[in-house]
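Reader: I'm new to this one and would like someone to walk me through it. Can we take it a piece at a time?

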Amino acid sequence: MAPNPRSLATASLLAALIGAVAPAAAEDCVTSGIAVRGEPFTIAAAEANRTSAVWNPDRGEYLVVWNVYAAGEHRLRARRVAADGTPLGDELELAHDTNAIIDPVVATAAGHDRYLVVWQTQNVPFNGARGQLLDGDGSAHGDLFVIGESGAEPALVYGAANEEFLFSGRGMGVWAQRIGVDGALVGDGLDLTTGTDPVAAPNGALAINASGQALALWRDQENDRLVGRRASGGSVVGAIVAYADEFPASGTAARLDYRVADDRYLALYGNFDETAVRWFGVDAAGVGTAPQTVAEGAGLVAAAVAYDDATASAALFWTARGTDIGATLYGQLLSPADTLAGAPLALSDTVSSNLAVAAARERGAALVAWADAEQVRGQRVAYGCLLTDSIFIDGFD
């Protein structure tokens, strides 16, 4: 696939060209399989710290959550957003605390029209994890509850096979906890590091395959590498596996999604000095492929992997920081044959480095959400780009 004229000539020019490229548009979607839809929009007028977002296929809408300090307390808020980017209803306050609410994450239980929001708390347990179950309209379903003592860099995913959420967080090692759609903890907490890596940091990401087996990734501080382990039914599966022999990024060690077409996990990570973003695959037996470079430059941070059900392709998203506070969002498609389509495309030059990507996998669409100095912002993105798909009935804005 030939690069579009709007595309960057080579990945190594990313940092140099920040701000010099126009956001990818409809023609880029036809040529390179990925583009923005419409203009950035405001989700909430709030000086938020961190955002998370998820697609709810039961309602055909997104839920965006964020944490903010306001009126003397730390607060966790949310808002529903329609598939076309229209904010729905009022902002919702999910929790408030005199102690810090850190790094909220959200997942949806498809088929149950329900969400789980989890965050790191500095209440009790200190640096542990708390959760709040929500109905599809964003209202609380029961009271907030404690998940466990290991809450740093929280990750959360829903597994349809077991109809359970799976949480992971870092404390003394990386721990996982199964959570039912009713908010009840299922079984005991599971030490994924089994005492062999008590200083693992930071935690990475989670993905669950069609049979309910999960893959978790994190940074091995002692051996300067990215590692992971599988888990199923409350037990670890196999040994800890090294997937990349380089020191991965801080913040979140890696991003993950599951590719249904060939029963493989797809991972995206950045290195510690933020000069490269790479991807690799992991099969159902836990065997990984050699990491492949997606982009090289400066200030590069891996953001998300988003699978497309219709084309079996996956969108790889990352950001590149400029000389100011903001960052540029880039994307590139990875084909089912594991080849990168065209060249990286600049999707938006107004985002922050700590953005969230909520993938509507069955529609080849995603919502990107981020916090800037004064508000929570959103941008719609199309990937896979089947122009006969129902999401394109209304065309590109």
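**A walk through the chain**

Author: Let's start with one residue: Arg-50 is partly exposed, as its relative accessible area is 27%. Keep in mind that we're looking at a predicted model.

Reader: Okay, so which residue does Arg-50 meet in a salt bridge?

Author: Opposite charges on side chains can pair when the charged atoms come close. For Arg-50, the N to O distance in the salt bridge is 3.6 Å, and the cut-off is 4 Å. The pair links distant parts of the chain, 53 residues apart, with Arg-50 in strand S2 (residues 50-56) and its partner in strand S6. That partner is Asp-103.

Reader: How many salt bridges are there by this rule?

Author: The rule asks for a side-chain nitrogen of Lys or Arg within 4 Å of a carboxyl oxygen of Asp or Glu. Arg-50 with Asp-103 meets it. By this rule the count is 17.

Reader: What about Arg-75 and Glu-73: are they buried or exposed?

Author: These two form a salt bridge, with their closest N and O atoms 3.6 Å apart. They also belong to a salt-bridge network that links Glu-73, Arg-75, Arg-77 and Glu-93. As for cover, Arg-75 and Glu-73 are both buried.

Reader: And Arg-114, does that count as buried or exposed?

Author: Arg-114 meets Asp-135 in a salt bridge, at 3.5 Å from N to O. Arg-114 lies in strand S7 and Asp-135 in strand S8, so the pair ties together parts that are 21 residues apart in sequence. Asp-135 is partly exposed, at 23% relative accessible area. With the limit for burial set at under 20%, Arg-114 at 18% counts as buried.

Reader: You mentioned S7 and S8. How many bridges join them?

Author: Strand S7 covers residues 114-121 and strand S8 covers residues 128-135, and the two run antiparallel. To pick out one pairing, Tyr-115 has Leu-134 in S8 as its bridge partner. The number of bridges joining S7 to S8 is eight.

Reader: Which strands stand at the edges of that sheet?

Author: The sheet is open, with four strands in the order S6-S7-S8-S9 and antiparallel pairing. Each edge strand has a single partner, so one of its sides is left without a neighbour in the sheet. From one strand to the next, the twist averages 30°. The edge strands are S6 (101-109) and S9 (145-148).

Reader: Zooming out, how many helices and strands does the protein chain have?

Author: The protein chain has 397 residues, and 57% of them count as buried. Its exposed area is about 14,700 Å², with carbon and sulfur atoms supplying 50% of that. The tally for the chain is one helix and 28 strands.

Reader: Which residues have the most contacts inside the largest nonpolar core?

Author: In soluble globular proteins, nonpolar side chains tend to be buried together. Here the largest nonpolar core has 22 residues, and the strands that each supply at least two of them include S1 (34-44), S22 (300-307) and S28 (376-383). There is also a second, separate core of 20 residues, which includes Phe-41, Tyr-62, Trp-66 and Val-81. Back in the largest core, the residues with the most contacts inside it are Ile-34, Phe-317, Leu-347, Leu-355 and Tyr-383.

Reader: Which residues does Ala-359 touch, leaving aside those up to four places away in sequence?

Author: Ala-359 is found in strand S26, and at 11% relative accessible area it is buried. The C-alpha atom of Ala-359 is 9.6 Å from that of Ala-315, a residue 44 places away along the chain. Touching, though, takes heavy atoms within 4.5 Å. By that test, Ala-359 touches Trp-55, Ala-306, Ala-365, Ala-366 and Tyr-383.

Reader: One last sheet, the one with S22 and S23. What is the bridge partner of Val-301 in S23?

Author: This is an open sheet of four strands in the order S22-S23-S24-S25, with antiparallel pairing. S22 and S25 are its edge strands, each pairing on one side only, and neighbouring strands are turned by 25° against each other on average, direction ignored. S22 and S23 pair over seven bridges in the antiparallel sense. In S23, the bridge partner of Val-301 is Thr-319.

Conventions:
Residues are numbered from 1 along each chain as its sequence is written. This is a predicted model: local features need pLDDT of at least 70, side-chain atom pairs count only at pLDDT 80 or more; totals for chains, interfaces and linings use all residues. Side-chain values use heavy atoms; hydrogens and water are left out. Two strands pair if DSSP finds at least two bridges between them. Axes are lines fitted to C-alpha atoms, for helices over the stretch in contact, and angles run from 0 to 180 degrees between N-to-C directions. Buried means under 20% relative accessible area, exposed over 50%, partly exposed in between (1.4 Å probe, protein chains only). Accessible areas come from the Shrake-Rupley method with a 1.4 Å probe; for residues, only the protein chains shown count as cover. A nonpolar core is a set of buried Ala, Val, Leu, Ile, Met, Phe, Trp, Tyr and Cys residues joined through side-chain atoms within 4.5 Å.
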